[in-house]
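Student: I would like a close look at one part of this model, with its surroundings described afterwards. Please keep to what the coordinates give.

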Amino acid sequence: MSDVVKELLKKLSNAHGVSGSEGNVYEIIRKELRKYVDDIREDTLGNLIATKKGNKFSVMLAAHMDEIGLMVKFIDEKGFIRFVTLGGWYAPTLYSQRVVLHGTKGKVPGVIGGKPVHLMEEDERKKGVRVEDMFIDIGARTAAEVEELGVEIGTPVTIDREFTELANGRVSGKAFDNRAGVALLIKTMQQLESPFTVYSVFTVQEEVGLKGARTSAFSIDPDCAVATDVTIPGDHPGVEKKDAALEMGKGPSITIIDSSGRGLIAHPGMVRWLKSVAAAHDIPIQMEVGAGGTTDATAIHLTRGGIPSTTLSVPARYIHSPVEVLDIHDIEEGVRLLLEALKVKPKL
Ligand SMILES: [Zn+2]
């Protein structure tokens, strides 16, 4: 299955879908799932809900489609473009990146510029570049030329970075957060044999406040939920295992709590369910108690009277950068786990 998953992730990673403009990703998912589900629909906010009908017990799976990106907020008279960030960027990662502006006349290439490092004062260099110091250069000489190309206030912007293969079944690209989860759910739905009704929700606007998960969980009102996302492994220089104990290539992780309990405190029944299925089928998993970061499960588990939830995550290095790295096998093991779990009712 490795190559199939790799190809799918490649397609999803190269697609563009900043929070609020997830349309391109949506089209890929729709094409992949159309033949395999009973119903596939878009809700008011833009969530894509794929349903496979079964008995009364219902499970919601969630994966956010959106990626972190930028939006045009001001165009100066010389055609340089100022932007806001959508989602959690570390500003120095943006400096000198190539970007794609999704204008009214199609894609426009650009680069993120800033003050030349040669001209920076020593303290400027030390402090690091800030978002306010940067701008997008599309080669235009005037504001009118920018407009002519279909770029305007509100144009969404994404990073321009192609998927690439590294050694050992590892791959690198942008937006693995959370196209990894999207690939995991697509592969699960394509092979699903479950007695339950399973809703796969590809959510919007996670990176700006878990928004799509909130509205879709409310309307679906499932008996339980599993969100899929990426999480931080501590298996490379600069991180200690005591601070991030997960490793890439050792299987997906099951969240016990994230964000030190301020995000999700998973329902113990949900954790036991996935853990016991993994043990019964020899599927490698890792357990996660996270200190920072959260997922769609945080919004879902607080919906209505409370929905038993946990998160299944793919360890991915350098997340929220254009060079995220993951091991394809972790996605495959995640698919195996969900396929087996969805045959057994969790004890809640
Ligand atoms: Zn994410």
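How many bridges join strand β1 to strand β2?

Tutor: Strands β1 (residues 39-42) and β2 (residues 48-52) are joined by four bridges and run antiparallel. Two strands count as paired when DSSP finds at least two bridges between them; helices (H or I, at least four residues) and strands (E, at least two) are DSSP runs numbered from the N terminus. The model is predicted, so local features need pLDDT of at least 70 and side-chain atom pairs count only at pLDDT 80 or more, while totals for chains, interfaces and linings use all residues. Residues are numbered from 1 along each chain as its sequence is written, and side-chain values use heavy atoms, with hydrogens and water left out.

Within this pair, D39 stands opposite T51 of β2. The two strands form a hairpin with five residues between them. In that turn, G46 has a positive phi of about 115°.

Two residues other than glycine also have positive phi: S96, near 70°, and N168, near 60°. Most residues other than glycine have a negative phi, and most peptide bonds are trans. S96 sits in the loop between α3 (91-94) and β6 (98-103), and N168 in the loop between β10 (164-165) and β11 (170-173). S96 counts as exposed because its relative accessibility is 57%; N168, at 63%, is exposed as well. The cut-offs are under 20% relative accessible area for buried, over 50% for exposed and partly exposed in between, with a 1.4 Å probe and protein chains only. S96 has a contact in space with another part of the chain: its C-alpha lies 7.7 Å from that of G114, 18 residues away in sequence.

The metal site comes next. H64 (NE2), D177 (OD) and D229 (OD) coordinate the zinc ion at 1.9 to 2.5 Å. Along the chain these donors follow the spacing H-x112-D-x51-D. H64 belongs to strand β3 (residues 58-64) and D229 to strand β13 (residues 224-231), so this pair ties together parts that are 165 residues apart in sequence. Donors here are N, O and S atoms within 2.8 Å of the metal (3.2 Å for Na, K and Ca), and the site may look incomplete because water is not among the atoms. Both H64 and D229 are buried.

The donor D177 also takes part in an unusual backbone feature: a cis peptide bond joins D177 to N178, with omega about 10°. N178 is part of helix α6 (residues 176-191). The end C-alpha atoms of α6 are 22 Å apart, which agrees with the 22 Å that its 16 residues should span at 1.5 Å a residue; the expected span is 1.5 Å times one less than the number of residues. Of the 16 residues of α6, 15 are buried, which leaves the helix mostly covered.

Helix α6 packs against two other helices. Against α2 (residues 23-33) the angle is about 20° and the axes are 10 Å apart. The axes are lines fitted to C-alpha atoms, for helices over the stretch in contact, and angles run from 0 to 180 degrees between N-to-C directions. α2 and α6 are therefore roughly parallel to each other, and α2 passes α6 in a right-handed crossing. Against α10 (residues 328-341), α6 packs at about 45° with the axes 9 Å apart. That makes α6 oblique to α10. Angles under 35 degrees count as roughly parallel, over 145 as roughly antiparallel, 65 to 115 as roughly perpendicular and the rest as oblique. This crossing is right-handed too: the near helix is turned clockwise from the far one by less than a right angle, whereas anticlockwise would be left-handed.

Helix α10 has 14 residues and reaches 20 Å from its first C-alpha to its last, close to the expected 20 Å. It is mostly covered, with 11 of its 14 residues buried; among them are I328, E332, L337 and A341. L337 and K275 are 62 residues apart in sequence, yet their C-alpha atoms are 9.3 Å apart. K275 lies in helix α8 (residues 268-280) and counts as partly exposed, at 44% relative accessibility.
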